[in-house]
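Me: I am new to this structure and would like to learn how to read the places where its parts meet. Could you take me through them step by step?

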Amino acid sequence: MLPFTLEKVTSVQAAIAAASSGRRFIAGGTTLIDLMREEVDQPAHLVDINALPLSEIRIEGSDLVIGALARMTDIAAHAGVQRLHPLVAESLVEGASPQLRNMASIGGNLLQRVRCPYFRMHDAPCNKRSPNSGCAAIDGLNAGHAILGTSNHCAATHPSDVAVALVALDATMQVRGPRGERTFPVEELFRLPGDTPHLEHTLLPGELILAVRIPGGPDSRRARYLKVRDRASYEFALVSAAAALDVEDGVIRQARLAVGGVGTRPWRLRTVEKALIGKPLDRKIFETAARLALEGARPLSGNHYKLELLPRTIVRALEMAGEAA
Amino acid sequence: MKNDERLTDGAVETEEQRGGLSRRSILLTVGGVATLAAVSEVAAQPISERPPSASTGRVRLVVNGRQHELDLDPRRSLLDVLRETLDLTGTKKGCNQGACGACTVLLNGRRIVSCLTLAAMHDGAEIKTIEGLETNGELHPLQAAFVEHDGLQCGFCTPGQIMSGIGCIAEGHAGSPDEIRFWMSGNICRCGAYPGIVAAVADAAKGA
Amino acid sequence: MTTNVIGTPLPRVDGRAKVTGAARYAADFNQGGQAYAVIVGATVGLGRVTGIETAPVEKMPGVVAVITHRNGPRLPYAPHKSYIDPATGERLHVLQDDQVHFYGQPVAIVVADTLDQAERAAAALHISYTAERPLVDLADPKARPVVPAAGKQPDARLPADTARGNADSALADAPVKVDEIYEIARENHNPMEPHATVAAWNGNRLTLWSKSQFVVNEQAEIAAVFGLPPENIQVICPFIGGAFGTSLRTWPHVTLAAVAARQVGRPVKLVLTRKQMFFMTGHRPRTLQRMALGATADGKLTSIVHEGTGETSRYEEFMEALTSVTSFLYSTPNVQTRYRLLPLDIGTPNHMRGPGEASGVFALECAVDELSYKLGIDPIELRRRNEPAIDEGENKPFSSRSLMKCHDLAAERFGWSRRLPEPRSMRDGRLLVGMGMASASYPAFHAPADARARLLADGTAEIEVAASDMGPGTYTSMTQVAAETLGLPVERVRLSLGRSDYPPAPSHGGSWTMASVGSAIRAACMAVQEEAAKRPQGGRPIEATASAQRDPDVAARFSMHSFGAVFAEVAVDPDVGTIRLRRAVGAYGIGRVVNPRLARSQCIGGMIGGMGMALMERTVLDPRDGRPVNAHMADYLLPVNLDIPQLEAHFVEEIDPHVNALGVKGLGEIALVGMAPAIANAVFHATGKRVRSLPIRIEDVLTV
């Protein structure tokens, strides 16, 4: 690990000022310290933001507002979250391990880096780690990689579970920077790799995530998260799906669906959603709609199985959501 | 066994000033086939921008009820402070990547992996490790239950399992064997003592 | 006098030390003033080091040494081989030349005042190479198999070729055949404790607190490497945080720790990173096996052809018992086995729990299962019809064999009778349910061992032996043997292990520790008892060192093996392909059980290891340069708590008067053997899809 300075801030103002002069935030540290130890990430100055008053979880009308520093554990255990947005709670406890969930903040979770093995290896080319050095994964071992949103420069998947749920639920994020506050959909936080895979998110220099806001809706209780993996726990998703359905008299009025493990960012599937609206809760309907998820999919040498697993995961997640009370 | 100067660890640790120096490999072409090794110049900042000194000043940690004032290299993980600075070697380093749970301790009452946090971020924190569980020579009920239910073999993951189990019980996640299995899945046991671990946590939870 | 301690389910005598953090493993032996060493591994898979820029790194804060083949000491590397080293080839001589034989091979070592400084400096060391593309794929058509040299010897323990009858023609004539290829991925031991050595010199004497399953061999090996008399080296390892074979050999990092400590004139601590554990310290070799069975329509085996190939390094021929079980597990007149090695540009593999047997039995037991479906005969019944009266390979009686008893017991506990024979016929709601079973076997080895017993004036006893306890409970079970032999309560016996200056013990592996060391302890205790009987007036302490080994005449007369049966139930999600083990039952005939509580734990642990082999474990090498791409605990999957359901281990009553005086056969390895084929057979029963390649993952059963 390269040496760095570490300072603590106690106000949002001070945090933004520090970040504006090139310092980097550290919260739970579970991604950052891991990558710093590998020297994949090399910040020279860290600002510990854990003392900022951003850990609150509150209900505002039908919205759920989660402070950026709220820990995964606390969000998942929050009675209001479990009542209003069981999907969020479910996606959180399917992620990482109890210890890591005690450490990791929601803000850090959204900003976590990819799990491509070559990204972590200095002796392999990686356009994300070292722009224009090449991609070892595209012609290498890529069973875990994305089939959607890839470019010729990068095909790494975004690893977060809760981000998939948040994208499905049209969550927004509130950020503040040197030029003031702004709010935008969580979905817009994530950039596609294109030819700049080293740029992963849309935060501007100095911006700090303050909170994530999840609007309530008629579908938010009929919503489930399905994570498919070889190990029953403590493993990243091969494929995951967050599905929320608003059903009246057996007919789908609204459907929201996002998937993980297959995209270079948490992947919203609006064409699949459209194909479900006005249709009954029927497996055949789900199967037909789920095939639409593969539009534009580009498999690599090792991940063809995701072309099969993705629609199956969607079908099953929709069934689960349909069965949810 | 441990000399006193090591307890203050880093007073002399003025860190390298040429921090941008980093490992490089070279692009190799053999018979027209480029091998995987490639130029990867990873230095993020010019050398001159690296901090000249990396001391954080004094960090106070209360470990098993005992206060320590340490002058730490900010890079040092809580795990390495416990093991290498304080010689509390009961907490184990299994992967140093947050992927095995062997280094689990309680930080202000919550179970965490101590390999993925910087000690310098926890000024004033209370840390409980496996060495701090006995009371007047009596095992903590979960320690006793691990022996009784044979929830261990080699014993290397055991301190982390026990600290995690204490967290699991305190969180209210030890209501059934299935619940325990889910909430104890952050601690890998390669010997495969899982059934005994579940039985031990269930047993201790009954008395908690 | 006897206290009947053997056979009681005593809790671990070292349990308290392990649950309080007091048990000290190699990296826990901090020494005053110690420096920290970090190994730099090659970043090419084959080639030569052409440049190392040590100067800038030597100036980095805290750095006290950067040692490479250019500036490091030339080491004598006197010839030395133990039985756990490959018989053919020569061990890696570390930092002695510029050659890179495999990705990650140590090419430099950096020593600094603190671990953070050493890690930083190691990362900063700039090394250049010339490189060639290595050959790392066992299935690569360019790879040329060789006949293992040691297997060509007439008295080879692992013969390359064996034959009885004419297996090929019997196979051709057989009315029913199975002839398939089975593949098992490269696996890494991944004990929770990384390899670690703390080295401290005092003049020409060296103390190594080092993770080892064989401290007397580590002493001998390091003595040979440095050209020192063995008595100058002391190896200390009271506790091992799991090993499963990876610490049988002394790997180069032990040498490097000693080199570093000598160079810097301070004690040095060297702990491998988890990543380094994937290429520096051995692995279960990837194997490809052809298993062909011929049978009559009523299920009598007429032929077995077993051809197995395992990977090895270019510089050593690592052999394991891949084809051994095939010659005696079932009765058949015609058997042909062929064992080949494929030298690749990788580090030398080594023994991993159930070495050889686990892989060979997987192929055999899956093939027998396939045969049972072809014949329409229940798989247990098929095995019963081929139960041999003697070891037909050795043409000797078994000292004891309880295979069918194991099957009957396990089948009954498992509820095999509820199984519907047809594949895909059992469901639980949406899930496909499958039941599978397999036989298991492992040799009942016994090696010569010494032990020392001491009776003290206060009525307690001390036992010393250079054996180890990597988790099975050696401290406890040996204490029981000593207590019973001495007629003392266990509280009055103190057992010490893991020092190379104790009486020598064989390697802690191969399931022979109880047989070998237990017999030696028993002999030493009997010797002090005898002396005590001569001193009715007291006269303590009394000390005796005794040896024990198997009577060669008995060894020549009998075939000695443990046998077992494993039954498993899986559920496969037909939508998304997840495979979950729902329950498993194992029954084992292992002679006498010294401590049922610990034996049960060990068996269940072995079953969990076999479950990992079946459904999770695989180290994947990038063919471009041989790097393991999943060298990470999050990416090399091992079972977690939630993966493990109700497991049962049972022992059949078995009295074997021949194996040794204690009547024990060992169980560490057999506990793993048989689990993988039982699960693979269950996956077939659940899905109707036969997967012959381990591990069986979601993508393998997705389209069923």
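Me: Which side chains meet in the salt bridge of B:Glu148, and how should I read such a pair?

Reply: This is a predicted model, and side-chain atom pairs are counted only at pLDDT 80 or more. A salt bridge is read from the distance between a side-chain nitrogen of Lys or Arg and a carboxyl oxygen of Asp or Glu, which must lie within 4 Å. Here B:Glu148 is paired with C:Arg597, and the N to O distance is 3.9 Å, so the pair falls within that cut-off of 4 Å.

Me: How many salt bridges does the rule find across the interface of chain C and chain B, and which elements of chain C supply residues to that side?

Reply: The rule finds eight salt bridges across the interface of chain C and chain B, together with 28 residue pairs in polar contact, both residues being at pLDDT 80 or more. On the side of chain C that touches chain B, at least two residues each come from helix 1 (15-20), helix 3 (115-124), strand 7 (126-131) and helix 13 (596-615). Sorted by class, that side of chain C holds 37 nonpolar, 25 polar and 20 charged residues.

Me: How many residues of each chain are in contact, and what area do chain C and chain B bury between them?

Reply: The contact joins 82 residues of chain C to 71 residues of chain B, and the two chains bury about 6300 Å² between them, with 54% of it on carbon and sulfur atoms. Within chain C, the residues that lose the most area to chain B are C:Val19, C:Met192 and C:Asn641, which together make up 13% of what that side buries.

Me: Can the reading be carried over to parts of a single chain, and into which domains is chain B divided?

Reply: The approach carries over, with domains taking the place of chains. Chain B is divided into domain 1 (4-10 + 54-132) and domain 2 (141-207), and the C-alpha centres of these two domains of chain B lie 23 Å apart. Their contact takes 15 residues from domain 1 of chain B and 16 residues from domain 2 of chain B, while the area buried between them is about 1200 Å², of which carbon and sulfur atoms give 61%.

Me: Which side chains form a salt bridge with a distance of 2.8 Å, N to O?

Reply: That salt bridge is formed by the side chains of B:Arg111 and B:Glu171. Across the interface of domain 1 and domain 2 of chain B, the rule finds one salt bridge and six residue pairs in polar contact. Strand 5 (residues 104-107) of chain B gives the most to the side of domain 1 that touches domain 2, with three residues, and by class that side of domain 1 of chain B has six nonpolar, five polar and four charged residues.

Me: What does the domain assignment give for chain C, and which residue forms a salt bridge with C:Glu484?

Reply: For chain C the assignment gives domain 1 (15-23 + 447-549) and domain 2 (396-444 + 555-704), with 33 Å between their centres, taken over C-alpha atoms. These domains of chain C bury about 1100 Å² between them, 60% of it on carbon and sulfur atoms. The count between them is one salt bridge, and C:Glu484 forms a salt bridge with C:Arg592, the closest N and O atoms being 3.7 Å apart.

Technical notes. Residues numbered from 1 in each chain as written. Chains lettered and ligands numbered in written order. Predicted model: local features only at pLDDT ≥ 70, side-chain atom pairs only at ≥ 80, totals over all residues. Heavy atoms only, no water. Contact = heavy atoms within 4.5 Å. Buried area = accessible area lost by both parts, 1.4 Å probe. Polar contact = N/O pair within 3.5 Å; in protein donor to acceptor, adjacent residues only side chain to side chain. Helix = DSSP H or I, 4+ residues; strand = E, 2+ residues; numbered from the N terminus. Nonpolar A, V, L, I, M, F, W, Y, C, P; charged D, E, K, R; others polar. Domains from an automatic or database assignment.
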